[in-house]
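Trainee: I should like to examine how the labels applied to this model are justified. Please set each value against its definition.

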Amino acid sequence: MSDAGATARLFVALELPPAAREALARWRSTVVDRVAGLSGLRFVRPEDLHVTLCFLGSRAVGEIDEIAAACGVVAGEPAVDSAFGDALWLPARRPRVLAVSLLDAEDAIARVQSVLSRVLVAGAWYAPESRPFLAHVTVARVGRDARVRPVELPAPPVYAVRCSQVTLYRSRLGAGGARYEPLVSVSLGSAPAAADPLSVVRRFYSGQARVYSGLAPVSELRDLLSQDVVWHVPGASAIAGEHRGVESVLEYFDMRQRMTDSTFRVVVHGSAIIAGRVVQLAGGRAVRSGREASWETVGVFRVADGRIAECWLVPFDQAAFDAIWS
């Protein structure tokens, strides 16, 4: 892929399955036929419907191989389950595109974008946008000399969308509009051991929330833990000690769920990678003996081969933490 001195317009996108692209294409055709004032829209070709994750702009062709390799980081992220959301005019006041949002209730798409963004920023190939990431599919563009009034549009059909592939594209500009050339694709979930440590911990907390609320069995967390995982819990409470091995750690989680009768909730305030460890600040609350209790902790996680290998739990107030879990 090398070509000294040449440049290429590049972007990375989350692919939509063919059936989802066809459903969007049918919806927009129906909308344009029924709503007056939309004749100035130019349809995006169905095969080009996707969710842009990172737009890199013009990069040296000689960098493409390195960028393609960096995109492999998302192979550690699981496939994304989503659904069509609302029709959007972007920007809202003087729109240039008609788009459809993708629902991202568990921040799965945002997590893939964040993991990808970090590695591309580190390689100096990508400058993140100042506005928050919004998962959406551009379905039509406003023609160069056209003006379209941002009227309210009917929502797309209820449609579940499972996305499992991320692709690095080259955009080739031409008289008939841009043509997108796929350069390399990465299958989500194809290399779990390559998962970004922050993403592993986030997925663990998402699963843990379902377990503690009684919506999922504790076994749901097994695949996120190493066989010889160790959980360090200080103090002198009923849950304190070094829980060693996956079965012991799962029993520890199960004990906390039973002790709080599915009222245990965790709120993550923030996390970062420091010295190779994931450091996370979180608060917890639960009902014990008819009274609501709350606490704050720092969790320090060691992630290896895409699984949590060790965790150190550090309460802000050890005595109060012990009293809650007595």
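Mentor: Let us begin with Arg244 and Glu242, whose side chains meet in a salt bridge at 2.8 Å, N to O. The model is predicted, so local features need pLDDT of at least 70 and side-chain atom pairs count only at pLDDT 80 or more, while totals for chains, interfaces and linings use all residues. Residues are numbered from 1 along each chain as its sequence is written, and side-chain values use heavy atoms, with hydrogens and water left out.

Trainee: What makes the contact of Arg244 and Glu242 a salt bridge?

Mentor: The term requires a side-chain nitrogen of Lys or Arg within 4 Å of a carboxyl oxygen of Asp or Glu. The N to O value for Arg244 and Glu242 is 2.8 Å, so the pair satisfies the definition.

Trainee: Are Arg244 and Glu242 buried or exposed?

Mentor: Buried means under 20% relative accessible area, exposed over 50%, and partly exposed in between (1.4 Å probe, protein chains only). Arg244 has 52% and is therefore exposed, whereas Glu242, at 48%, counts as partly exposed.

Trainee: Which residue forms a salt bridge with Arg258?

Mentor: The partner is Glu251, with the closest N and O atoms 2.9 Å apart. Arg258 is partly exposed because its relative accessible area is 48%; Glu251, at 38%, is partly exposed too.

Trainee: Where in the chain do Arg111 and Glu77 lie?

Mentor: Their side chains meet in a salt bridge at 3.9 Å, N to O. The pair links distant parts of the chain, with Arg111 in helix H3 and Glu77 in the loop between H2 and strand S4 (80-90), 34 residues apart. Helices (H or I, at least four residues) and strands (E, at least two) are DSSP runs, numbered from the N terminus. Arg111 and Glu77 are both buried.

Trainee: How do you know that the span of helix H3 agrees with its number of residues?

Mentor: The expected span is 1.5 Å times one less than the number of residues. For the 15 residues of H3 (108-122) this gives 21 Å, and the end C-alpha atoms are 22 Å apart, so the values agree.

Trainee: Why does Val61 count as buried, and Arg147 as exposed?

Mentor: Val61 has 5% relative accessibility and is therefore buried, although it sits in the loop between strand S3 (50-60) and helix H2 (64-70). Arg147 has 64%, so it counts as exposed; its place is the loop between strand S6 (136-142) and strand S7 (160-163).
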